[in-house]
Each structure stands twice: as structure tokens, then as C-alpha cells.
Amino acid sequence: MFLPLFLLSLFLPFSSTTEVYLVFNDLSVASGQQATFSCSVNSGPEHTVTQVTITAPDNSSLQINTQGSAHLASIVSSNYSHSGVYTCTVTLTDNIQSVTEVFTNTALLTVYLPAVILQSPQTGVYFVDIPFSISCRVEGFPTPQITWLIDGFTLSDSGTTITDTTAAPFTISSLTFLAPDESQSADYSCRANNMYTLDDTDITNEDTSSVASILIRPLPIVTLLEDRNVTIQNMATIVCEASGEQPLYFSWYNLTVSNTSLTTDSEITIENFVNSSELTIHSAERQSTGNYQCIVSNVDGANSAQMLLLVQETPFPPEDINSEVQARDVTLSWRVSFDGNAPITLSIVEMEADGVFTQVATQTGEITEYTLADLTPYTSYTFRVIIQNVIGTSVPSLPLTVTTLEARPDTP
């Protein structure tokens, strides 16, 4: 035989010819309401119910109140944690055959929670082009639908994204501003609603958060600083220009030297104006080369720009002069230890004759070798190398003396 599904009843064949019915139905209540389970045992007079237990999802037992064939257990004030599968276990004894058997059936308790906003988005000041998020935390089951509002109207701004993260019965909804601008400054709130049916009645719940006033302001705008070169021992002035809510405060740092904060001293002068600041290095030295940062701050926050200052000078003399010697040619090579922070534009090879060095070859660019040809076999030569950049010429390298190899006699 078949029983209607809505009864969720259990037909139990027993050892006697009488059939046993164990009825334990699903139950739905709203949070705070009483939930009463009824586990009914229908059997003939030859059966005796010796024990009935109703256990919760956590395996704890509920107190039983027996009324005839119905065994009742109540949760006085239900909450979401009570939701789950409950089990009714019945022990029956057949008085005729003295047989004891145990039967079980299950029922699902669903506790509905009206949508409630537990945490509203927070009022705050944010900055143009710097992404940020605001969020609200909602409780409810079934999972509420969350809508974001701007100045009381449904938000449809393409410059934001909404992400909902649910771990029932809680949902966190985050509204992220991807590239915020001042036009998005407004009052924001979130609205949550859910719906469920109890006793054939549709129940709709709705809750709206408090308003979060979001102010999006521009950070100080700092003009991009351009890298620049300065010749050693010359004056170098770096100008940092900015705009924004007054007053503006300027700070300078040398990032190359452990982020050193710079102040006016005997070597540099800093002058601050309404919308700009000037850093002047009186006499640039090799150690003045570095990345300089200007930080501008005001009531809205801070912004910065940086640039590379290269102090240029004449290159160091070439080092590690080496040679490959043949009978009639010599290939010289060398190493540039410091180019003076400027590309090498010319290399000059000089040769000694009667104690005087004279130029015998030049080579443009940054190539560091040169071959001298048409030399006399088995002859001693002394060479040195000079390099040049846009600032000037290095002192000569240390001299290198080589002797060409002997040549084979000419064939008659």
C-alpha cells in the first residue's frame, strides 16, 4: 500500500499480523515561535509501547509528553540553530509473541528568520581613484536578497560591484567602488528582504540599514617630476608643484639614501610656497645622485611624486688594459669602471714615442677594444687609453707595454 507523501509517515511491518504506523512529520516555524513535534504510533492492542525518544540534530534528547498515541516534544522558543533533522525512535513489544523491535522515523525542522540588518555600512571619507568597499551584515533564512541604495534609490552605478558572501544564516554584502570620483559622494544604505510561507500564508520581511554618508575627495595632485641631469659642482633645483585643499604641506626625501628626510642645511635649501616647493642642491656632488621624492599632504591625505637626479662628471680612467699580440697587429681591450653617469662617446688610443704619447687611433661609442695594424714585428710598443663622455675626458689609463711577435721570413 502507499501513503501520501505529505504525511511523511512510516508503515512498519511487525511480527504480528497487525500493521504499525509511525507518523513523524516535517515542521516549519518562524524564529521565536514554539516548535512542537508529534510522533504518533498507531498499532493494535496486542502491542505495547515501551519507550519513545525524540533526538535533536546534536543527538540530545527532547523531553516527551505523551497524549494517547501521540508523543509530543516542544522547543519553546525556536531559533535557527534548532534547524535540522530530528529522529523519533519507538520501541514496541508484541505481547503475544514477546518480541521487541525498534522503529525510527525522521522529520525536518525549518526555522525561518526574518531579514534583519545586523551591521550597517560605515560613514567615511575616501579618495579619488583609490578603490574602497563598504559592507552590511545581514541575518535571515531563507537567504535575504540585498539591494544597495544611493540617496534612497536603487543603485545602478556601473562604477561599483556588489559581492555577497553567505554562511547561513548570515550574509555579508560588500559594495566596492572601483575607481571612485567626487560625483559618487552620497548617502548609501542596504536593504534586505526575504519571504517564506507559514500556515499557507506568505510572509515578507524587509529591513533597511542606517545611512552611511560617503565623501569622496581628491588627494593633493602632484605634478609629475621629470628626471634630470646636472654637471658635478653645479647647482641643481627640483621643483614640486601641487594643487588641492589648502594648506598643502611639502616633505622631501632621498630614497637612495635609506629614505632620508631632507631639510635645509649647508648643502641644500628647501623653500615652500602655497602650491609648490623647491629643493636646491648648492653644489651637486657624486653622492647627490639619487631618487628624490616629494610628498604633499593636506586634510584629505597625501600624494607623492619622485624623480631621478643624475650628477654627471668626466669618466674614470679605463682599467684592466689587456692585449692580444701578433707580429704586425695588437688588439687592446679595457674596462670602463665608471662612465661619469653619462654614456661613453669616444675612446682614444695613444702610443709612446721618445717619451711622448701621441694619438694614434679613435673609436666612437661604447666599444671597449681596438686593433692597431701595420706594426713592426718584434718591436716594443707602449699604449694607453683615454675615454670621453659629454662632460669631458678621463685621465689616461696606466700604460701597457707589449712586444710584437717575430715575423716569418719573406719567401724569395
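The largest pocket of this predicted model has a volume of about 340 Å³. It is lined by 17 residues. Closest to the pocket centre are L262, E267, I268, S288 and Y292. Two elements, strand 24 and strand 26, give two or more residues to the lining. Strand 24 gives the most, with 3 residues. By class, the lining holds 6 nonpolar, 8 polar and 3 charged residues.

Strand 24 also belongs to a sheet. Five strands form this open sheet, in the order 21-28-27-23-24. The pairing is mixed. Its edge strands are strand 21 (228–231) and strand 24 (260–262), and each pairs on one side only. Neighbouring strands are turned by 35° against each other on average, direction ignored. Strand 24 pairs with strand 23 (residues 249–254) in the antiparallel sense, over 3 bridges. One residue pair can be followed here: W252 has L262 of strand 24 as its bridge partner. L262 is also among the residues closest to the centre of the largest pocket. In general, strands of a sheet pair through backbone hydrogen bonds, either parallel or antiparallel.

Strand 26, the other element named for the pocket lining, lies in a second open sheet. This sheet has 4 strands in the order 20-22-26-25. Its pairing is antiparallel. Strand 20 (221–222) and strand 25 (268–272) stand at the edges with a single partner strand each, so one side of each has no neighbour in the sheet. Strand 25 and strand 26 run antiparallel and are joined by 5 bridges. Between them, E271 has E278 in strand 26 as its bridge partner.

The loop that follows strand 26 was examined next. T289 is found in this loop, between strand 26 (276–281) and strand 27 (290–298). The side chain of T289 reaches the backbone nitrogen of V311 at 2.9 Å. Leaving aside residues up to four places away in sequence, T289 touches T256, L309, L310, V311 and N341. V311 thus appears both in the 2.9 Å approach and in the list of residues touched.

Further antiparallel pairing occurs around strand 34. Strand 34 (residues 380–388) pairs with strand 31 (residues 346–353) over 6 bridges, in the antiparallel sense. In this pairing, F383 of strand 34 stands opposite M351. Strand 34 is also joined to strand 35 (residues 400–403) by 4 bridges, again with an antiparallel run. There, T382 stands opposite T401 in strand 35.

Several loops show backbone geometry of note. Most residues other than glycine have a negative phi, and most peptide bonds are trans. Two peptide bonds here are cis. The bond from F141 to P142 is cis, with omega near 0°. P142 is found in the loop between strand 12 (132–141) and strand 13 (145–150). A cis peptide bond also joins Q246 and P247, with omega of about 0°. P247 is in the loop between strand 22 (236–243) and strand 23. The backbone of D151 departs in another way: its phi is near 50°, a positive value in a residue other than glycine. D151 is placed in the loop between strand 13 and strand 14 (153–154).

Terms used: Residues are numbered from 1 along each chain as its sequence is written. This is a predicted model: local features need pLDDT of at least 70, side-chain atom pairs count only at pLDDT 80 or more; totals for chains, interfaces and linings use all residues. Side-chain values use heavy atoms; hydrogens and water are left out. Two strands pair if DSSP finds at least two bridges between them. A polar contact is a pair of N or O atoms within 3.5 Å; within protein, one must be able to donate a hydrogen and the other to accept it, and residues adjacent in sequence count only if both atoms are side-chain atoms. Contact means heavy atoms within 4.5 Å. Axes are lines fitted to C-alpha atoms, for helices over the stretch in contact, and angles run from 0 to 180 degrees between N-to-C directions. On a 1 Å grid over the protein atoms alone, a cavity is a set of points where a 1.4 Å probe fits but cannot get out, and a pocket is an open set with protein on both sides within 12 Å along at least five of seven lines; lining residues have an atom within 4 Å of a point. Grid points are joined across faces, edges and corners, and a volume is the space filled by probe spheres set on the points. Ala, Val, Leu, Ile, Met, Phe, Trp, Tyr, Cys and Pro count as nonpolar, Asp, Glu, Lys and Arg as charged, and the others, Gly among them, as polar.
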